[in-house]
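The following paragraphs lead the reader through the structure shown below, which is a predicted model. Strands, helices, the nonpolar core and a few backbone details are taken up in turn.

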Amino acid sequence: MRYLSSVIAVILATTTTTTTAFSATSKTKVPSWKMLKSILSPTITKTKPNTYTYSETQNNPSILLNNNNQYVFYRDTNAQCPYAQRVHLALELKQLDYTTVLQTPRNNKEDKHGGPLLGLPDGTLIYDSIQALEEIQKISSDVSPNLFPRVSGSVDGVRANINRRSYIFPRNTIFLEGVVPSLFKNNAENDDGTVEMVAKSNHDVTCEEIDEMLEEYPDGPFLCGEPISACDISWMPFVERYVSQLPLLYPEVKPRSDFEEIKVWLDAMERLNPCYSCVVRGDAMTYGMQLVNALKKKQKEGVLKMDESTISIMEKSVSTTEDPIGIKRKRRGIVYNPSNVWSTYAQNKDYLANTPHEECASCLVKLRHDLFDQITDQWCKEEGRDKEDMDMALRQVINCILTDFTSSEDEFCFVDGALSKLSGDARDVASMVNECISVPRDMGAIPASVLRKLVLDAPKPRIL
């Protein structure tokens with residue numbers, strides 16, 4: 001795919017010109033789905049190996065019996081469970097071969113009601129995420145990183161710091177709808193099932209204590225210094241939700257930008273652990289939409305006193321906030337480049353595209369039927385638009401991603417002027433699709449950032 005833009009140009013040069021609904025005054029060349037799949041071949045035809053649904057393993061038990069003594073990673077279908085996220089990150093960091101089984105739902109619990117998190121080669125099922133990390137370290141002790149390093153013979157800093165999370169984060173909170181931790185609690189005054197926001201002062205203390213905790217080990221950016229350990233793996237699924245969702249409730253509290261050590265820690269997680277950034281981490285849009293949808297549900301049920309206008313403001317903020325995962329940046333002399341991180345992880349994985357923008361395009365092509373199912377009603381509400389217009393618009397978006405995005409050592413952006421050429425319909429369908437994409441369920445955070453950039457940077461007001 002090194003000469004992808006040239007290949008697309010050649011293909012489009014032979015394409016029959018078509019007058020489209022979004023180009024009333026000119027004839028626009030937009031590749032067909034067949035052409036897009038040809039451009040993206042062979043990645044488009046491949047999927048991550050050894051991935052099955054739970055029903056597939058139940059209907060055909062031999063799948064797990066003949067898995068060459070691999071670990072079995074049990075993940076919720078929507079990729080929302082933070083405990084499964086811990087296990088996923090550990091398996092990836094250790095570069096272990098594993099079979100993935102998708103469960104619906106996992107209930108985001110660490111018990112038999114939530115379902116197993118890890119299956120060992122001998123068939124043992126593990127339901128507790130920290131126990132799963134211990135087992136992974138035990139059997140892969142010769143593979144870096146050591147998930148449970150000891151500072152000395154008498155000090156187990158990793159396990160001690162794992163336990164500190166429950167004391168540092170606001171206490172007595174609820175896991176709202178299984179997607180919003182640490183931000184809400186049951187109403188203390190009325191035993192009526194209502195919930196309320198945790199006070200801002202509690203979050204101020206939490207951010208300060210996390211920042212101070214990170215200063216305890218000056219030999220590295222992680223919670224126990226250098227390198228990453230089970231402590232970071234344990235905390236990160238909750239921290240990444242916290243730093244994305246908290247500013248939506250309290251815009252003046254910005255953990256990632258206002259607290260230096262937190263900022264450095266998150267940067268190190270994304271830069272030094274490509275598997276985290278590419279396939280494990282969620283993103284701000286996904287976590288923001290989960291919060292908004294949870295609030296709408298609770299408000300409708302009458303258990304949350306929050307104005308609809310307040311939730312609407314949050315929803316608008318979600319759609320206009322760019323996640324740092326897709327921003328090239330330099331901190332303390334060290335450069336984070338999304339393209340480099342992606343290429344490091346994607347190397348020798350034939351089911352992943354070479355660049356983030358090609359991976360984004362590939363995922364959109366694969367997901368197109370599901371996406372159309374989700375957006376058709378909304379699309380057709382506007383008079384004069386039909387499914388053919390929607391189909392054409394999405395192909396234009398994908399074509400723009402393939403031809404007009406630069407993933408290189410120096411740049412991670414759309415070329416100047418490219419987005420202004422997008423039709424209004426293309427910008428609308430991009431906005432609708434963007435809200436449907438959940439990270440990391442549908443694609444990794446870095447590839448998803450390409451679509452997020454298109455929606456954020458495209459000319460308004462046609463973006464919904």
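Thr-53 stands opposite Leu-102 in β3, and Thr-51 is placed opposite Thr-100 of that strand. Three bridges in total join β1 to strand β3, residues 98–103, and the two run parallel. On the β2 side, β3 is joined by six bridges, again in a parallel arrangement; one pair there is formed by Asp-76 and its bridge partner in β3, Gln-103.

These pairings belong to an open sheet of five strands, ordered β1-β3-β2-β4-β5, in which the pairing is mixed. The edges are held by β1 (51–53) and β5 (125–126); each has a single partner strand, so one side of each is left without a neighbour in the sheet.

How many of the six residues of β3 are buried? Six of the six are, and the strand is therefore largely enclosed by the rest of the structure. In a regular strand the side chains alternate between the two faces of the sheet. In β3 both faces are covered: Tyr-98, Thr-100 and Leu-102 are buried on one side, and Thr-99, Val-101 and Gln-103 are buried on the other. Helix α5 (residues 82–93) lies across β2 (71–76), β3 and β4 (118–119), and its direction makes about 145° with that of β2.

A further open sheet consists of three strands in the order β6-β7-β8, with antiparallel pairing. Its edge strands are β6 (174–176) and β8 (195–197), each of which pairs on one side only. From one strand to the next, the twist averages 65°. Two bridges link β6 with strand β7 (residues 180–186) in antiparallel fashion, and Ile-174 stands opposite Phe-184 in β7. Helix α9 packs on this sheet, touching β6, β7 and β8, with its direction at about 60° to that of β7. Helix α13 (residues 284–301) lies across β6 and β7 and runs at about 25° to β7.

Attention now turns to α9 itself. The helix has 20 residues and reaches 30 Å from its first C-alpha to its last, close to the 28 Å expected at 1.5 Å a residue. At Met-236 it bends by about 40°, and a proline, Pro-237, follows within four residues. Is α9 largely enclosed or largely exposed? Because 19 of its 20 residues are buried, α9 is largely enclosed by the rest of the structure.

In soluble globular proteins, nonpolar side chains tend to be buried together. The largest nonpolar core here has 128 residues, and those with the most contacts inside it are Trp-235, Trp-265, Leu-295, Leu-364 and Leu-454. Helix α9 (residues 230–249) gives the most to this core, contributing twelve residues. Leu-364 can serve as an example of the contacts: leaving aside residues up to four places away in sequence, it touches Leu-371, Ile-398, Ile-401, Val-433, Ile-437, Met-443 and Leu-451.

A charged residue offers another example of burial. Arg-256 is placed in helix α10 (residues 255–258). Its relative accessible area is 14%; buried means under 20%, and Arg-256 therefore counts as buried. Not counting residues up to four places away in sequence, Arg-256 touches Lys-263, Leu-266, Asp-267, Glu-270, Arg-281, Pro-324 and Arg-329. Between the C-alpha atoms of Arg-256 and Val-429, which are 173 residues apart along the chain, the separation is 31 Å.

Several backbone details remain, and they are found in loops. The peptide bond from Ser-41 to Pro-42 is cis, with omega near 5°, and Pro-42 lies in the loop between α2 (33–40) and β1. Glu-226 and Pro-227 are also joined by a cis peptide bond, with omega about 0°; Pro-227 is located in the loop between α8 (200–214) and α9.

Positive phi values appear at two asparagines. Asn-172, although not a glycine, has a phi of about 55° and is found in the loop between α7 (157–168) and β6. With a relative accessible area of 72%, Asn-172 is exposed. In Asn-348, phi is near 65°, again a positive value in a residue other than glycine. This asparagine, Asn-348, belongs to the loop between α15 (338–346) and α16 (356–380), and at 78% relative accessibility it counts as exposed.

Technical notes: Residues numbered from 1 in each chain as written. Predicted model: local features only at pLDDT ≥ 70, side-chain atom pairs only at ≥ 80, totals over all residues. Heavy atoms only, no water. Pairing = 2+ DSSP bridges. Contact = heavy atoms within 4.5 Å. Axes fitted to C-alpha atoms, helices over the stretch in contact; angles between N-to-C directions. Core = buried A, V, L, I, M, F, W, Y, C linked by side-chain atoms within 4.5 Å. Buried < 20%, exposed > 50% of the residue type's maximum accessible area, 1.4 Å probe, protein only. Expected span 1.5 Å × (residues − 1). Bend = angle between axes of the 7 residues up to and from the residue.
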